[in-house]
Amino acid sequence: MGGYGSGRESRKRAVEDCLCLNVNLLNREGYLQEGSYFTLTWSSSNNWNKWTAKISGISHEDYIVLDYIVNQERKLNYKVYLDKVPMNLGGYKNYLKCPKCNSRVEKIYKSGASAYFLCRDCLDLVYRSSKESGDESARVRRELDKLYRKLGSKWKGIYSVIPEKPKNMHYKIYREIRDKIWVYEMELDKLLIDSFNKLKNQLG
Ligand SMILES: [Zn+2]
């Protein structure tokens with residue numbers, strides 16, 4: 001598998017592995033109404049690693065208070081501010097403000113490494129699908145680099161002109177390399193389209 005360069009990226013945590021607090025969901029359930037008290041629970045779906053997580057919250061006019069215990073002993077109780085943005089047709093849309101960076105978001109997450117619910121950027125989270133196709137496209141790019149180097153050139157991006165056959169190279173070898181380049185470029189093209197579509201669906 002990949003070299004040293006690629007390892008770091010793949011250790012990033014995925015959004016899908018975190019608890020998620022979605023402001024639209026809270027709103028739909030009526031939990032954001034002032035004075036309402038709510039409890040949210042998550043549980044694992046697999047048998048080999050059972051867990052449940054539970055948080056309570058109370059809504060105030062412009063913030064909610066989250067209340068939960070981490071690592072079975074540390075009791076946390078903190079505010080997450082709401083940002084109410086007026087809409088064109090009247091009413092307003094609720095957002096959460098990340099407790100760390102204050103940015104306006106719809107979802108905050110809690111990963112295993114963080115005691116607090118924070119935004120995706122603060123936790124440096126990636127979407128699993130884009131993470132995986134990212135790794136896959138990095139592999140294909142490396143293969144393309146190698147093939148172009150064999151032709152005494154550098155890969156300059158998808159569907160750029162394939163270099164001429166080097167003087168001392170057998171024509172048969174050259175043709176094999178050229179065919180491989182085509183296959184890898186088509187694979188890369190497909191990966192880029194796939195990852196774009198997946199991301200688009202998740203953000204929708
Ligand atoms: Zn943040």
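1. Start with strand 5 and strand 6 (residues 92-97): they pair in the antiparallel sense, with five bridges between them. If you want one spot to look at, find D83, which stands opposite Y95 in strand 6. The hairpin of strand 5 and strand 6 has five residues between the strands, and in it G90 takes a positive phi near 95°. Keep in mind while you look that this is a predicted model.

2. Now turn to the other partner. Strand 5 (residues 74-86) also pairs with strand 4, again in the antiparallel sense, and here there are eight bridges. Two places help you line the strands up: I64 stands opposite V80 in strand 5, and Y68 stands opposite L76 in strand 5. While you trace these strands, a general point is handy: in a regular strand, side chains alternate between the two faces of the sheet.

3. What happens at N71, in the hairpin of strand 4 and strand 5? N71 takes a positive phi near 50° there, and the hairpin has three residues between the strands.

4. Next, have a look at the inside. The largest nonpolar core holds 19 residues, and the ones touching the most other members are I108, Y109, F117 and L118. Helix 2 (23-28), strand 4 (63-70) and strand 8 (107-110) each put in at least two residues. Which of the elements gives the most to this core? That would be strand 4, with three residues. So you meet strand 4 twice in this note: once as a pairing partner of strand 5, and once as a contributor to the core.

5. L118 deserves a click of its own. Leave aside its neighbours within four places in sequence, and L118 is in contact with C98, P99, K100, I108, Y109 and L123. Two of those names, I108 and Y109, should ring a bell from the list of core residues that touch the most other members. Apart from this core lies another one, made of seven residues, including L144, L147, W155 and L188.

6. Finally, zoom out. The chain has four helices and eight strands, and reading along the sequence you get the pattern α-β-α-β-β-β-β-β-β-β-α-α. How much of the chain is buried? Buried residues make up 14% of its 204 residues. As for contacts between residues at least 6 apart in sequence, 47% of them join residues at least 24 apart. The L118 contacts from the previous point are a good place to begin if you want to explore contacts yourself.

Technical notes:
Residues numbered from 1 in each chain as written. Predicted model: local features only at pLDDT ≥ 70, side-chain atom pairs only at ≥ 80, totals over all residues. Core = buried A, V, L, I, M, F, W, Y, C linked by C-beta atoms within 7 Å. Buried ≥ 20, exposed ≤ 12 C-beta atoms within 10 Å, placed from the backbone. Contact = placed C-beta atoms within 7 Å. Pairing = 2+ DSSP bridges.
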